[in-house]
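Dear colleague,

I am handing over the structure we spoke about, and I would be glad if you could look through it before reading my notes.

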Amino acid sequence: VYATVVPMDPPLADGGQALVVLSDRTRERAVERMRADFVANVSHELRTPLASLIGFVETLRGPAADDPPAQQRFLEIMAEQGARMNRLIDDLLSLSRIELTEHQTPAEPLELAPLVSHMVASFEPRLTERNIQLALQIDPDLPAVAGDADQMAQVLENLLDNAVKYGRDGGVLSVSVTAPQSDRWPVRRGVVIAVADQGAGIPREHLPRLTERFYRVDKGRSRAVGGTGLGLAIVKHIVNRHRGQLIIESEMGQGTTVSVWLPAQQVRSRLTNTV
Ligand code: ADP
């Protein structure tokens with residue numbers, strides 16, 4: 001918003017000047033545009049499985065009414081479409097809950113080592129199914145961090161889910177939790193959780209946009225593997241809330257590494273009263 005004093009012609013009755021306040025609505029318009037795009041995207045994402053469900057209901061009523069094997073196939077597809085709508089709604093609700101709390105930095109102490117081990121263990125069946133080997137490294141001397149356990153579990157869930165979905169069958173999934181001392185991270189102490197896969201990688205030009213809602217490199221692939229396009233947007237918001245940092249690196253044909261840095265909990269110095 002800016003204001004400017006304009007001399008009046010003809011002059012005002014009291015000989016004064018007018019204060020004209022002009023506001024720059026560019027940002028406001030950009031926010032409105034983003035909101036409208038978001039609603040359009042959500043509607044489209046929900047409408048696609050819904051259209052498929054409605055189509056199959058019609059087919060079950062008509063052409064497939066006397067074809068039990070076809071009915072079984074269609075019911076399976078319908079169950080999958082319903083599950084996809086459910087995932088989308090779960091992710092949308094997560095996003096809006098996170099946005100509501102984004103201004104409050106979590107203060108509860110969080111034990112990262114057991115959380116990461118637990119989340120990785122829950123992926124074991126999927127790793128076995130895809131013949132993916134796990135390489136887990138958790139440093140013993142991690143500084144304490146403050147964090148929201150449910151939200152950090154969601155970060156891990158989304159990163160591991162992507163590493164499996166877009167990883168290579170028979171490849172390695174590496175997960176590490178370390179306290180790095182490198183100039184790529186902020187000077188203050190922190191913990192880095194890194195999830196690396198050996199998938200096809202992400203072309204460089206897409207990297208800056210991956211955390212946008214519904215942004216996918218390959219829409220067809222994302223849908224086929226059950227993605228909603230909201231996973232990394234959720235990760236970004238949670239990391240922001242924790243005042244952390246997110247880095248996504250990828251090498252075509254080699255794989256992708258997503259790293260989350262969280263600040264170490266500030267140690268309060270004990271104050272002694274000297275009177
Ligand atoms: P989705 O639900 O589609 O997986 P995400 O927000 O988690 O949505 O990721 C956005 C897009 O980024 C994905 O659609 C995919 O194209 C790409 N992506 C994310 N993680 C990886 C990865 N580990 N390897 C390759 N591509 C990835």
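Below is what was found, beginning with the ligand and ending with the salt bridges.

Please keep in mind that this is a predicted model. The ligand sits in the largest pocket, and among the elements around it, helix H5 (149-165) and helix H7 (231-241) are the ones that give two or more residues to the shell. That shell is mixed in character, since its residues divide into seven nonpolar, seven polar and four charged. Of the 18 residues around the ligand, those that come nearest are Tyr166, Asp197, Ser222, Thr228 and Leu232.

Three contacts with oxygen atoms of the ligand can be described individually. Tyr166 places a polar side-chain atom 2.7 Å from an oxygen atom of the ligand, whereas Gly229 has a backbone N or O atom at 2.8 Å from a ligand oxygen, and Val217 likewise has a backbone N or O atom 3.1 Å from an oxygen atom of the ligand. As for cover, the ligand on its own has 530 Å² of accessible area, and the protein covers 94% of that.

Turning to charged pairs, the structure holds 14 salt bridges. In one of them, the side chains of Glu45 and Arg216 meet with an N to O distance of 2.9 Å. This pair links distant parts of the chain, with Glu45 in helix H1 (residues 26-61) and Arg216 in the loop between strand S7 (190-196) and helix H6 (219-224), and the two are 171 residues apart. In general, side chains of opposite charge can pair when their charged atoms come close.

With best wishes

Notes: Residues are numbered from 1 along each chain as its sequence is written. This is a predicted model: local features need pLDDT of at least 70, side-chain atom pairs count only at pLDDT 80 or more; totals for chains, interfaces and linings use all residues. Side-chain values use heavy atoms; hydrogens and water are left out. A residue is near a molecule or strand if one of its heavy atoms lies within 4 Å of it. A polar contact is a pair of N or O atoms within 3.5 Å; within protein, one must be able to donate a hydrogen and the other to accept it, and residues adjacent in sequence count only if both atoms are side-chain atoms. Accessible areas come from the Shrake-Rupley method with a 1.4 Å probe; for residues, only the protein chains shown count as cover. On a 1 Å grid over the protein atoms alone, a cavity is a set of points where a 1.4 Å probe fits but cannot get out, and a pocket is an open set with protein on both sides within 12 Å along at least five of seven lines; lining residues have an atom within 4 Å of a point. A molecule sits in a cavity or pocket if more than half of its atoms lie within 2 Å of its grid points. Helices (H or I, at least four residues) and strands (E, at least two) are DSSP runs, numbered from the N terminus. Ala, Val, Leu, Ile, Met, Phe, Trp, Tyr, Cys and Pro count as nonpolar, Asp, Glu, Lys and Arg as charged, and the others, Gly among them, as polar. A salt bridge is a side-chain nitrogen of Lys or Arg within 4 Å of a carboxyl oxygen of Asp or Glu.
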